[in-house]
Amino acid sequence: MYLPPHDPHVDDPMRFKPLFRIHLMERKSATVECMYGHKGPHNGHIQIVKKDEFSTKCNQTDHHRMSGGRQEEFRTWLREEWGRTLEDIFHEHMQELILMKFIYTSQYDNCLTYRRIYLPPSSPDDLIQPGLFKGTYGSHGLEIVMLSFHGKKAKGTKITGDPNIPAGQQTVEIDLAHPLQLPDIENLHDFSELSRIVLEVQEQVRREEQERELRQEEEEEHSQQPASQPASPLGGEGAEGEETAAGAEGTTQDKAPASQPFVLPMGVISRNEDYPRTCRICFYGTGLIAGHGFTSPERTPGVFVLFDDDRFGFIWLELKSFSLYSRIKVSFQNAQAPSREAFEEMLKNIQSLAT
């Protein structure tokens, strides 16, 4: 198992923890050992369920338990997972979230199912190299997100989840057709100024979506009419207008400065204050928020901030919160998707599992 570094140090390397091992014996037989817990290797079982999927089961779960009971297990888990003690965490809400995570993960330590994950394919037009990133998620700690590019959209998919948003869900979506021009550094301190800019773009995106839907409806109506019928002026102008707008947006992106000063607005909370003070470019985006148990999920407006080839950030406007993401620089073997279609299918599958 690859574990993220301790919160909030996103630039630190990943941590490695063995979960099971297989001893290949003579006559094509093998023994499986579970490595979970603190009492050493013990008897386990592996079953291949179907292609790209297998399950592990521990046959001696008493090896996972500690003499001091659940309280000792929780304190040990807290030191390993978070690098701190419960006394270090003063925030009551954070204590509650951490306890929820411990209860949830410890329920499934004896039987786990693994499914293959492909790394996202890349193309020369991508903003940066796609891949896996460690990100700060407030009181939830660090989580792993997969950044992938899909035409004029970029998606951040959760590979690890939390009690609010499970793994497999699309945590952020970046609209690469709508770059944001941030105010100068003095006005950037003002949260209301940034909010005004983002909400104006949100309204623009909403209008464009309505126009697209209207054009689609008219095109469907026209396709049902005789071929000699002249096309609607609105349909023609709309299509041309969209192409012109896309061209203008592309020009805006091309002419973006190599770097510009960046600072978080007053009132925006960040777990990591050691974020870069310059950025390359910003885009309008949306972030997924929900209550405990993934209740009442909704996409809310935000700002995607590209710092460099290995780091980006996201300002959650409604939460007044900032997430900083740093690239995972581990070389995973045999993780490339055989095709873009196979990667897209995998994304659908992990999202349906989470839902």
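The secondary structure of the protein comprises 6 helices and 18 strands. The model is a predicted one, with 355 residues, of which 41% count as buried. Among contacts with a separation of 6 or more, 54% are made by residues 24 or more positions apart.

**Colour by confidence**

Begin by colouring the chain by pLDDT. The average for the protein is 85, and 89% of the residues score at least 70. Select strand 17 (residues 311-316), where confidence is highest, at a mean of 97. Then select helix 5 (residues 233-254), where confidence is lowest, at a mean of 38. Extend that selection to residues 228-256: pLDDT stays under 50 throughout this stretch, for which the model has 24 contacts beyond four places in sequence.

**Helix 1**

Select residues 69-82, which form helix 1. Its 14 residues should span 20 Å at 1.5 Å a residue, and the C-alpha atoms at its ends are 20 Å apart, so the expected and modelled spans agree. Next, display the side chains of E73, F74, T76, W77, L78 and W82, which are the buried residues given for this helix. Helix 2 is included in what covers them. Just past the end of helix 1, select G83, which has a positive phi near 70 degrees.

Remain on helix 1 and select E80 together with K17. Their side chains form a salt bridge, with 4.0 Å from N to O. This pair links distant parts of the chain: E80 belongs to helix 1, whereas K17 lies in the loop between strand 2 (15-16) and strand 3 (20-24), 63 residues apart. E80 counts as partly exposed because its relative accessibility is 33%, and K17 counts as partly exposed because its value is 26%.

**Helix 2**

Move to residues 92-107, helix 2. For its 16 residues, 1.5 Å a residue gives an expected span of 22 Å; the end C-alpha atoms are 23 Å apart, which agrees. Select M94, L97, I98, K101, F102 and S106, the buried residues of this helix. They cover an arc of only 155 degrees around the axis, which means that they are on the same side of helix 2. Now turn to the other side of helix 2, where E92 and Y104 are exposed. To see part of what covers the buried residues of helix 2, display helix 1.

**Strand 15 and its partners**

Which strands should be displayed alongside strand 15? Start with strand 15 itself, residues 281-291, which is mostly covered, with 10 of its 11 residues buried. Strand 11 (residues 170-180) runs antiparallel to strand 15 and is joined to it by 5 bridges. Strand 16 (residues 295-308) also pairs with strand 15 in the antiparallel sense, over 10 bridges.

Select G287 to follow the pairing through individual residues. G287 in strand 15 is the bridge partner of V172, and T300 in strand 16 is the bridge partner of G287. Then select G293, in the hairpin of strand 15 and strand 16. This hairpin has 3 residues between the strands, and G293 takes a positive phi near 75 degrees. When inspecting side chains here, recall a general point: in a regular strand, side chains alternate between the two faces of the sheet.

**Further salt bridges**

The count of salt bridges comes to 21. Three further selections show how some of them are placed.

- Select E203 and R206, whose side chains meet in a salt bridge of 2.3 Å, N to O. Both residues lie in helix 4 (residues 191-223), 3 residues apart, about one turn of the helix. E203 is partly exposed, since its relative accessibility is 31%, and R206 is partly exposed at 38%.
- Select K50 and E53, which form a salt bridge of 4.0 Å, N to O. Is each partner buried or exposed? K50 is exposed, with a relative accessible area of 52%, whereas E53 is buried, with 12%.
- Select D11, D308 and R311, which are linked in a network of salt bridges. D308 falls within the residue range of strand 16 (residues 295-308), and R311 within that of strand 17 (residues 311-316).

Key. Residues numbered from 1 in each chain as written. Predicted model: local features only at pLDDT ≥ 70, side-chain atom pairs only at ≥ 80, totals over all residues. Heavy atoms only, no water. Helix = DSSP H or I, 4+ residues; strand = E, 2+ residues; numbered from the N terminus. Buried < 20%, exposed > 50% of the residue type's maximum accessible area, 1.4 Å probe, protein only. Pairing = 2+ DSSP bridges. Expected span 1.5 Å × (residues − 1). Arc of directions from axis to C-beta. Contact = heavy atoms within 4.5 Å. pLDDT = per-residue confidence, 0-100.
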